[in-house]
Amino acid sequence: MGVGPILRAEDLTKTYGTGPVRVTALCETTLAVAPREFVAIMGPSGSGKSTLLHLLGGLDTATTGRIFIRDIEITGLSDKELTLVRRRDVGFIFQSFNLLPTLSAEENVMIPIAIGSRSGAHKEKDAKRLDHLFALVNMEERRHHRPDQLSGGEQQRVAIARALVTEPAIILADEPTGNLDRRHGRDVLSLLQRSAADMGQTILMVTHDPAAAVFADRVIFLSDGAIVRELPLEGDGNVEAIIASLAELGD
Amino acid sequence: MRLSSLAWRNLATRKSRTLMTIAGVSLGVAVILATSIANASTVNAFKIMIDSITGKADFLVNSVAPGGFAAHKLGAVRQTPGVAQAVPGISKRTNLLFEEDELSVEFAGVDPRIDRSLRHYAVSGGRFLRPDDAGALVPQRLADEQKLGVGDSITIAESGTRHRFKIVGLLGEEGAGRFMGGRVVFISLARAQQVFDLDDRLTFIDVRVKDGADVDVVAGRVSERLGADFTVELPERRTEAISQMLRGLQVGLSFFGAIAIFVGGFLVYNTFSMVVLEQTRELGIVRSLGGSRLQISVLVMLQALFIGVIGSAVGLVAGVGLARFLLGFVSDTVNLQIHELSVPPEGLAIAILIGLAVTLIAASQPAFMAGRISPLAAIRIRAKVPSPGLGLIRLAFAAAVLGLGVYITFLPGGRELGRFAAWAVPIHATGDFLLLLGAAFMTPSLVGPLSRAISWPLRFVFGQPARLAATNLDRNRGRTAATAASVMITLAMLLSVSGMTSSFRHSVERWVDESLGADVYVSGPSTDTSYDAVYAKKLRKIKGVSDLTSVGYTVVNLGDGSALWRGIEPGSYQRFASLQIVEGDKEEAWKELRRDRRIFISTVTANSRDIGVGDTMAVATKEGKQEFTVAGVVIDFGGDMGELIVGSRADLKEYFGITDVSAFRLKVGGGALPADVAARIERRFPDMNFQVYDVQEFKGMVDEQVNQSFAVFSVLILLAAIVALISVFNTLMMNILERRREIGVLRAVGATRGQVGAISLIEAFVTGAIGGLFGLIVGGYLATDIVKNMKSLTGYEIDFIFPVETAAAALAMALVFTVAAAVFPARRAASTDISVALQYE
Ligand SMILES: Nc1ncnc2c1ncn2[C@@H]1O[C@H](COP(=O)(O)OP(=O)(O)O)[C@@H](O)[C@H]1O
Ligand SMILES: [Mg+2]
């Protein structure tokens with residue numbers, strides 16, 4: 001079988017609250033993602049997509065079940081160890097960009113590095129990396145702008161650069177195009193696809209948009225906290241297949 | 001549903017916040033009320049004290065010389081036309097001796113047959129005195145304190161003999177029982193004359209004039225009849241002198257009261273900014289449903305009104321309690337036990353008004369901003385409270401106020417203000433207040449550069465968190481500034497009081513070293529106790545004593561007031577100390593002093609009369625008014641409210657007939673320790689009423705007296721500090737509430753809990769440092785102004801000493817406390833649930 005999965009979840013369950021207000025957001029979900037794979041996650045609102053992503057990225061802890069990154073179990077790690085995992089292995093991209101408003105684009109991109117080293121950063125190496133990243137996301141001109149001086153698409157490109165800066169193996173994106181119009185959304189997605197291919201990264205992306213999902217290698221459908229269908233994408237006619245699946249699952 | 005019920009619900013859902021703000025307002029109101037109660041009660045206590053002993057008397061006759069005057073003078077007074085009644089008395093300060101300690105009290109000898117026609121004795125147990133009574137009347141409170149009752153005895157020592165008095169009656173809390181704040185014992189005139197060795201002499205006569213007679217005219221006649229050896233004192237004069245004496249204290253209290261409410265105002269501003277921030281979404285929803293800007297502002301102001309009303313009400317109750325607490329300190333400061341609270345109605349009104357006004361004004365800006373929240377806030381991802389765009393106007397206003405404040409501090413103080421001398425203290429207090437106000441409004445402009453500068457070195461230790469902390473502080477400039485300003489004001493207050501104290505203490509200690517210079521001090525319980533000169537010889541024989549100089553005291557009449565006359569022996573005195581002679585050639589001055597009618601005067605006396613070396617001064621002596629020539633001006637902290645004449649004992653004898661000694665100053669030799677010599681003296685003369693202090697004790701006592709004079713202010717500073725800390729806490733909580741998402745993002749991209757928490761702690765540290773450093777500068781400047789004023793007001797020569805240690809300690813404390821106040825917010829930030837924070841939209 002060559003290489004094993006880079007990311008693996010076994011019987012993952014997440015419940016919120018207790019007693020009458022108890023909500024099961026995720027129910028015994030099992031999942032494996034191969035290195036360099038690009039997986040789209042779809043499903044109705046409230047079906048547990050964000051919850052799954054947060055658990056996989058170590059932002060939240062599962063109620064039961066196990067998660068492995070490169071065969072190393074991250075469930076049960078202390079908060080400090082989880083933080084290191086996030087810092088080293090995972091890059092996040094959010095629907096609402098989530099740039100820090102007081103910092104410039106460049107400083108935002110540098111946060112994961114700056115936060116990881118006490119002395120700030122290794123100047124020369126970082127400068128090169130920044131040049132490369134800003135060229136990659138096509139934002140060379142606007143490196144020193146603050147988030148409120150950037151359009152939504154530009155902010156999201158900065159956020160992508162931030163997710164890539166530590167060269168993590170896994171990128172987790174929660175509706176990265178949700179706040180963008182179609183054209184900018186498409187830009188962002190092809191950028192994601194290109195850079196991932198470039199650096200050999202694995203991508204998990206939550207989306208509502210079939211036109212976005214077609215960028216992936218495979219689509220996973222969630223409903224009521226469980227994976228109800230998987231759809232490998234190959235060749236043409238994928239958008240239609242996705243729409244058909246969504247309709248079938250009663251969304 | 002009415003809007004007001006929404007306001008109410010908002011307050012109810014954030015109970016702890018609401019309670020904290022109410023606490024802030026009530027603290028401010030309480031301080032204002034407490035200071036006004038303390039002021040009124042102090043004045044009242046002095047009035048009661050004077051009334052209680054004056055009774056129905058219109059004026060009081062005293063002799064110039066201590067040791068009293070012959071009883072036949074009573075006849076002369078009685079025969080003066082217009083006099084309805086003249087009542088004799090004896091008043092002596094002495095110590096009640098208990099097993100463990102002593103208590104300084106006033107012993108009053110009165111004529112039991114007639115005294116009650118003048119003074120009111122509320123006998124609450126036992127009986128009143130009888131003619132030739134050997135017993136004593138003691139205030140009930142004093143008796144209770146010492147666990148004594150009718151039939152028990154009290155003891156004093158005079159001239160080597162112990163005297164016991166059986167308590168025959170107790171006095172209630174009115175009339176004579178309240179004289180000297182209840183630190184008084186009444187005995188019969190006959191017994192007093194015997195105990196104090198006065199033969200048939202008296203020390204005072206109280207006079208009541210006939211109905212319809214002019215008091216001034218009658219007083220003039222009595223004065224003329226008795227001659228220059230006697231003084232005639234009208235009660236108003238004493239009341240006046242006392243309110244003069246209390247003015248500094250009163251202005252000080254009001255000043256600090258005003259500052260407390262000012263700091264409270266920052267807290268209210270802070271909290272309402274927070275309230276608006278927290279309610280941005282709700283307010284946005286109300287707006288999107290058709291609420292007008294005005295309605296939104298009203299919604300916020302209603303909450304402010306509620307907090308103002310409840311806070312003021314609680315503040316009134318707390319104020320009375322606080323006043324009681326403050327009066328404990330004031331009692332020490334003014335040396336009079338104050339038991340009774342007088343609550344001035346205007347004080348109540350002012351406290352409520354200020355409480356409400358400050359709350360409403362402080363809330364008005366956040367309320368206005370709330371009105372400008374966009375209806376979109378309800379649906380926007382990142383709701384934003386509009387920030388005020390008043391930068392330049394505020395800065396100009398701040399600069400103007402600060403400038404005015406500084407200008408006022410440059411005005412001359414005290415008597416140099418001429419016609420406005422009486423206003424010097426209020427004027428300078430206003431200047432100081434404006435200075436603080438201006439500085440406070442300056443802070444927003446300093447937050448940016450200072451937070452960057454202070455956090456810069458922290459970057460090398462904490463890395464990114466320090467950088468983020470600085471940008472966070474700068475982003476919420478107004479809020480950071482309000483908090484830093486609270487810290488600044490607290491520190492400035494602390495520094496000005498400690499600057500004042502340390503300057504005063506330093507000068508007094510220098511005075512002890514350079515002007516007194518003894519190893520052991522021996523004196524009586526008050527300046528009017530004196531000893532036969534033969535004790536000088538007896539004391540010299542004590543083992544370890546190598547040198548001795550005797551000092552005699554009397555209070556002299558200068559026509560326009562009184563002064564303490566300190567009669568010294570120039571020859572032996574110079575072996576002890578050289579005095580701090582500030583005017584005139586030192587050697588020349590000392591030479592002059594040995595001549596007839598040559599004196600040194602204190603700087604206070606020199607300033608108040610505008611005289612110097614070579615000028616003459618008229619002093620009432622036993623031979624009538626005599627001119628004395630000023631040979632030197634000295635810095636001196638003894639004296640009667642600073643009024644002091646240093647003359648020779650020879651003159652004391654010649655012009656006042658005094659040969660007795662009031663104080664002995666000793667030097668020790670042969671390797672003896674001052675403390676041992678002091679102990680030996682106490683053992684050798686147990687019943688002489690000697691107060692013996694070695695130099696260490698003496699300095700300690702002087703220090704304590706200085707500290708006591710300023711202790712009352714520390715309470716107020718403490719309160720301001722508490723309010724400032726609540727502000728720090730609020731601000732940091734706000735910073736965290738507002739940035740939940742950002743904290744979530746930081747955690748998501750790899751920040752540890754510690755790093756996120758560190759941001760809050762660094763924010764607190766930097767805020768504390770901004771406030772602290774600014775406070776040191778402002779406080780240091782204020783302290784110089786206050787000392788300058790104290791100098792020109794009192795005439796005392798005081799060198800300004802910057803209290804370096806206190807300043808360092810205060811800065812350290814400001815940092816420690818602000819960081820401590822950030823611990824809870826930091827933990828909140830650190831424990832942020834990342835996935836919830838990210839979804840929080
Ligand atoms: N912090 C939380 N507390 C309680 N319930 C939550 C929390 N977060 C998510 N949920 C619930 O879990 C379910 C899944 O949520 P989520 O993963 O956000 O769904 P999706 O991203 O697919 O819209 C929903 O029913 C949601 O209400
Ligand atoms: Mg979601």
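## Exercises on charge, burial and strand pairing

At 78% relative accessibility, E100(B) counts as exposed, where exposed means over 50% relative accessible area, buried under 20%, and partly exposed in between (1.4 Å probe, protein chains only). The model is predicted, with local features needing pLDDT of at least 70 and side-chain atom pairs pLDDT 80 or more, while totals for chains, interfaces and linings use all residues. Residues are numbered from 1 along each chain as its sequence is written, chains are lettered from A and ligands numbered from 1 in the order in which they are written, and side-chain values use heavy atoms, with hydrogens and water left out.

**Exercise 1.** Place E100(B) in its chain and find the patch of negative charge in which it gathers.

*Solution.* Begin with the backbone: E100(B) lies in the loop between β3 (83-97) and β4 (102-110) of chain B, the strands (E, at least two residues) and helices (H or I, at least four) being DSSP runs numbered from the N terminus. Next, look around this residue on the surface, where E99(B), E100(B), D101(B), E102(B), E682(B) and E697(B) gather in a negative patch. Patches are made of residues with over 30% relative accessible area and no salt bridge, like charges being joined within 9 Å and nonpolar side chains (Val, Leu, Ile, Met, Phe, Trp, Tyr) within 5 Å.

**Exercise 2.** Which residues form a positive surface patch in chain B, and where is R684(B)?

*Solution.* The patch is formed by K537(B), K538(B), K541(B) and R684(B). Of these, R684(B) has its place in helix α20 (residues 674-684) of chain B, and it counts as partly exposed because its relative accessibility is 48%.

**Exercise 3.** Describe the salt bridge of E643(B) and say why this pair ties together parts that are apart in sequence.

*Solution.* First recall that a salt bridge is a side-chain nitrogen of Lys or Arg within 4 Å of a carboxyl oxygen of Asp or Glu. The side chains of E643(B) and R609(B) meet in such a bridge at 3.0 Å, N to O. E643(B) lies in the loop between β19 (624-635) and β20 (644-648) of chain B, and R609(B) in helix α18 (residues 603-609) of chain B, so the pair ties together parts that are 34 residues apart in sequence. Finally, check the accessibility: E643(B) is buried at 15%, and R609(B) is buried at 18%.

**Exercise 4.** Is each partner in the salt bridge of D547(B) and R540(B) buried or partly exposed?

*Solution.* The two side chains meet at 3.9 Å, N to O. D547(B) counts as buried, at 9% relative accessibility, whereas R540(B) is partly exposed, with a relative accessible area of 40%.

**Exercise 5.** Find the strands of chain B that pair with β21(B), and the residues that stand opposite R665(B).

*Solution.* Strand β13 (residues 520-523) of chain B runs antiparallel to β21(B) and is joined to it by four bridges; two strands pair if DSSP finds at least two bridges between them. Strand β14 (residues 545-557) of chain B also pairs with β21(B) in the antiparallel sense, over six bridges. Y521(B) stands opposite R665(B), and T549(B) stands opposite R665(B) too. Lastly, five of the six residues of strand β21 (residues 663-668) of chain B are buried, so this strand is largely enclosed by the rest of the structure.

Technical notes. Accessible areas come from the Shrake-Rupley method with a 1.4 Å probe; for residues, only the protein chains shown count as cover. Lys and Arg count as positive and Asp and Glu as negative; His and the chain ends are not counted. The place of a charge is taken as NZ of Lys, CZ of Arg, CG of Asp or CD of Glu.
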